[in-house]
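Got your viewer open? Load the model below and we'll walk through it one selection at a time.

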Number of protein chains: 2
Amino acid sequence: MEGVDHLASERSRAQFDVEEMKVVWAGSRHALEVSDRISRLVASDPAFRKDNRTSLSRKELFKNTLRKTAHAWKRITELRLSEEEASRLRFYVDEPAFTDLHWGMFIPAIKGQGTEEQLQKWLPLAYKMQIIGCYAQTELGHGSNVQGLETTATFDPQTDEFIIHSPTLTSSKWWPGGLGKVSTHAVIYARLIIDGKDYGVNGFIVQLRSMDDHLPLPGITVGDIGMKFGSGAYNTMDNGVLRFDHVRIPRDQMLMRVSQVTREGKFVQSNVPRQLVYGTMVYVRQTIVADASCALSRAVCIATRYSAVRRQFGSQNGGVETQVIDYKTQQSRLFPLLASAYAFRFVGEWLKWLYTDVTQRLQANDFSTLPEAHACTAGLKSLTTSATADGIEECRKLCGGHGYLCSSGLPELFAVYVPACTYEGDNIVLLLQVARFLMKTVSQLGSGKKPVGTTAYMGRVDQLMQCHCAVQRAEDWLKPSVILEAFEARSARMSVACAQNLTNFANPEEGFLELSADLTEAAVAHCQLIVVSKFIEKLKQDIPGKGVKEQLEILCNIYALFLLHKHLGDFLKTGCISPKQASLANDQLRSLYSQARPNAIALVDAFDYTDHFLGSVLGRYDGNVYPKLYEEAWKDPLNDSVVPDGYQEYIRPMLKQQLRNARL
Amino acid sequence: MEGVDHLASERSRAQFDVEEMKVVWAGSRHALEVSDRISRLVASDPAFRKDNRTSLSRKELFKNTLRKTAHAWKRITELRLSEEEASRLRFYVDEPAFTDLHWGMFIPAIKGQGTEEQLQKWLPLAYKMQIIGCYAQTELGHGSNVQGLETTATFDPQTDEFIIHSPTLTSSKWWPGGLGKVSTHAVIYARLIIDGKDYGVNGFIVQLRSMDDHLPLPGITVGDIGMKFGSGAYNTMDNGVLRFDHVRIPRDQMLMRVSQVTREGKFVQSNVPRQLVYGTMVYVRQTIVADASCALSRAVCIATRYSAVRRQFGSQNGGVETQVIDYKTQQSRLFPLLASAYAFRFVGEWLKWLYTDVTQRLQANDFSTLPEAHACTAGLKSLTTSATADGIEECRKLCGGHGYLCSSGLPELFAVYVPACTYEGDNIVLLLQVARFLMKTVSQLGSGKKPVGTTAYMGRVDQLMQCHCAVQRAEDWLKPSVILEAFEARSARMSVACAQNLTNFANPEEGFLELSADLTEAAVAHCQLIVVSKFIEKLKQDIPGKGVKEQLEILCNIYALFLLHKHLGDFLKTGCISPKQASLANDQLRSLYSQARPNAIALVDAFDYTDHFLGSVLGRYDGNVYPKLYEEAWKDPLNDSVVPDGYQEYIRPMLKQQLRNARL
């Protein structure tokens, strides 16, 4: 970041303390210190260079990732990094790799589903990376519906083993990251068969490759499933295919914390509650929400900085043109995404708390909040990942043509991010789960059972069905109570309307299917309310630093009023607000954009991202975009020679009218 | 297409004559015959294979495209293809290449802006490809705002030459396709300077490379600008950068149809109307709208077929699972896109007519319809490209995880398509042009000047401000007159509201900037009305074939009611419809989805795309998806060896705890 800061004048306009905002974004002074230190460590290490990633062939790219992963592990051990620091380091290396699955899925699956004995046997090996594991659940023909998996694990009482087998082509394991080329072991999911009876899907630890020469063990066919979206991007990962031909494993490699198979072949349920599985889901989805705020904030940081650098139109008498960030059309697309990044950050923080709370309750055998926590995290996963995927692409478009260049960083960010909408629960399937929970909540309202947590507002449904929005002037829309009531009323009324429409069907399941599009919209309304309300709750806390809270209040209002504008049909249809009030909200939103404008650059600086992590010429901290774009272009392999390879064979014969005789 | 047809039962359910629908889609029997024949010609030629594109390195990919381009040109000349056939052949080769710009921009620019003499000199060379040309307008620092271009063309009366020069880094030509590595010539745009006076931007023909050895001529720096979004995708194209260091060209290489510079250095306007430029814009944007319907229909075809193949959940007692196309959530996302593809096809057809009409009028010195035609094509370019880009990505998500694989064809389709939202006019900038035209139209309503063409409905503004939607039952929403009135009223009321709000500003330009987000929404409403009304007009024509018109009526209603649902806030806010009527529209929409369901596969078959052109394992005509996905995976270069390159250096030392001593 040496040299001139082209954005210095932007930075000097900020009306708040950026250093204090960094603490708010990071979550704590400690978290900021660790993130800042580790991100600089990664940025300053040439081994972690990533700017050439998009022009490498698949093999080069993959080998490059293996090298980085080994280097990262070497640094982690050399520097004796803590678990927190190691995880931050992997994050800032910013390249999908088998280690994500080893640490993020393989180890947690064993921890969550293994017995004490199994933990003692497998975890030390995994922690030292003496074995590398992945998580093999989905199959070629089976994604969302886990109960439809076809792989079988048949108990053989003669040898005290399970026989793992892929009976059909569609039962091939398909997608698991780290499986294709690297993992030595996998947690695989298969139907447990004992004596011809199907006991449903269970987890098993299976060794896949020889520890001597890395060759697949007998009966195992394994490989990579091929190129995925984007150049660079997720192609650093060996998502894999795996088939079993009667592969035998010892009985003690079934994960037996919840269900066991005895030596005699008896299937036994332990007294560990099955609900623990949902606790794990809450954990995983909580991290996905946190990732959403990271990915969205990166894209927003790039688009905001470049919008301040880029000028277009509006020049008077040959003077400089207008910065595009000054256009209301740009602000009305960009600032809601900036606000969303902060909103997702805070709801992610709250989800971390929720996970702790649920875990403590589970340990005390209190399952009362679990369904609500499960629905809530499912919904927030869906909401934040969809908004983030769309938001990254919107940021790319906000950068004009240059956003289409890989050197902008945005194409790769998008391609890496979008699978989040599909993995760990397809976003639409998840919304239907939320809707199902909401319909249950509504149906129980009369029974005296009080809705808890994020559905507590449903307890005031009578009031919410009748309330009238009190807004008379545009400023009234700045009151948190006004915003909350409008969002609560909208959500409650949409849920109630769905519940009423469902009663028109003799068969409730048929009704649910028929009305499922409406039901997902009710679920979205509920989830948006959660995000808005958690943002408002955050602002009730003490937040130090000059102007910091004021800026967050502006962002919170932008987020809420932007949603209100985007989903205006919901609010008007249900009579929560009037057309006149909608128009006042719109006026207020424009005024909020003007308030956010002078602080925009400082608000993205607060993410504290290094230029290495951002990986974008357009998003450079110093705003020195054009010389660097120009420089970057010449690095493309096509520029290795002035006259391109192929000129003699294909271009020249065309120009010289000699194509007729050419062999092509 | 040999072997079993897994979709045969789907096809047998169709309630209309697919062959006749093919004619409707193609536009005529002749067009269908040509398309069908040429697409099969391309598909059966192994030289045009494209399934390995995404795993090639940039250099391999580019050379591969040069080979295909030469082969295509060879076939075109060998087979003596007509202009129509040649253009279809390039279309079905389906790979962005320098020839797109040569035929689509370089030649048209000379045709449109050259004098008779210039046409006679340059066109024969270009038609035979003895020279290859590109179109160099945008610069590193200047995209949308053509008047901001910095490149200069200074007349030197001593030598009767222009001196072409790039005075700054930001004046570097940047983006032109075909420029980086191939073009020998370019039409470049530069500020004309005579005797120190700036006469604005004009076009010039400049030779870039030697015809002997393809090296750049003295004073010219030229290269590729680097990797773009996606693997494969637009990286087959050599988008380029170009700098001039006082390059001299003869005076007669300025394109002089509209403005001339005499031997004495006098700047003279010809009597050819400047408006001709807008005629060209109408032409180019008309082709973009046609391309939108192609791209969207490809994505829809893939997603529809795979939705019929794929099964998930809903199995009773271990039976087969439900086809995902039977889920209402799938239908409510997929069928509106299917309807949009048809809607864009028909509005594109109409735009072709509009271009002919405008051209005839221009030749008769009638400029009266030009502003309306210009606004209309600008708006439709914006509307259809945005909807198509979003629609392709939605189709990808509708295919679940497998849509993320390159073998689904959807990632590349998306990456190739999205720049259409930015090139030839950024979509938001275009909407603002439409809005400006609408505001002018509204302001002139009192003056007795009757609005023409697509704005004719504004002439009935008094009636449209007061009308009440007559819908009482869901079926009422099937009446074209009801739909038209609702869309006209919505658009008129939004425009009038904007115009009224603008009067609150002392400075109208300031008001326009401040309200620009609202203005773009009014422009969208107007453009959607155009698409809906042209679909309705199409259905007034005689359309032969059993059930064909009935299916198109269903699609037309789906398109309109889907838009109504998506933009419900507009309709309710302006009081065009009531909440009750909105709810009835929703009921009707669900019923329309059910009617479309049995015809869905046949409706995408009617696009008549070969498997080669679709380029998607998921979208295969025969529905034999899973075995082919499995087969495709093994072709990835990573699967060349069982143990990956890098195992010895990086994986083994990690597993064996020997990383500490490794050199990485």
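A polar contact here is a pair of N or O atoms within 3.5 Å; within protein, one must be able to donate a hydrogen and the other to accept it, and residues adjacent in sequence count only if both atoms are side-chain atoms. By that rule, 49 residue pairs are in polar contact across the interface of chain A and chain B, both residues at pLDDT 80 or more.

Some housekeeping: this is a predicted model, where local features need pLDDT of at least 70, side-chain atom pairs count only at pLDDT 80 or more, and totals for chains, interfaces and linings use all residues. Residues are numbered from 1 along each chain as its sequence is written, chains are lettered from A and ligands numbered from 1 in the order in which they are written, and side-chain values use heavy atoms, with hydrogens and water left out.

**Stop 1: the interface.** Select what touches across the two chains, contact being heavy atoms within 4.5 Å: you should get 132 residues of chain A and 132 of chain B. Buried area (the accessible area, 1.4 Å probe, that two parts lose on being put together, summed over both) comes to about 11,800 Å², with 66% of it on carbon and sulfur atoms. Now pick A:Phe229, A:Tyr404 and A:Leu638: on the chain A side these lose the most area to chain B, together 7% of what that side buries.

**Stop 2: the salt bridges.** The rule (a side-chain nitrogen of Lys or Arg within 4 Å of a carboxyl oxygen of Asp or Glu) finds 14 across this interface. Zoom to one of them, B:Glu649 with A:Lys63, whose closest N and O atoms are 3.2 Å apart. Next, colour helix H4 (residues 58–78) of chain A, which gives the most to the side touching chain B, with 12 residues. Helices (H or I, at least four residues) and strands (E, at least two) are DSSP runs, numbered from the N terminus.

**Stop 3: a hairpin.** Select S5 (185–194) and S6 (197–207) of chain A, which pair antiparallel over 9 bridges; pairing takes at least two DSSP bridges between two strands. A:Ile194 has A:Lys197 as its bridge partner in S6(A). Of the 2 residues between the strands, look at A:Asp195, with a positive phi near 55°.

**Stop 4: a small detour to a sheet.** In chain A, 3 strands make an open antiparallel sheet, ordered S4-S8-S7. S4 (173–174) and S7 (220–224) each have a single partner strand, so one side of each has no neighbour in the sheet. S7(A) pairs with S8 (240–244) over 5 bridges, and A:Val222 sits opposite A:Leu242 in S8(A).
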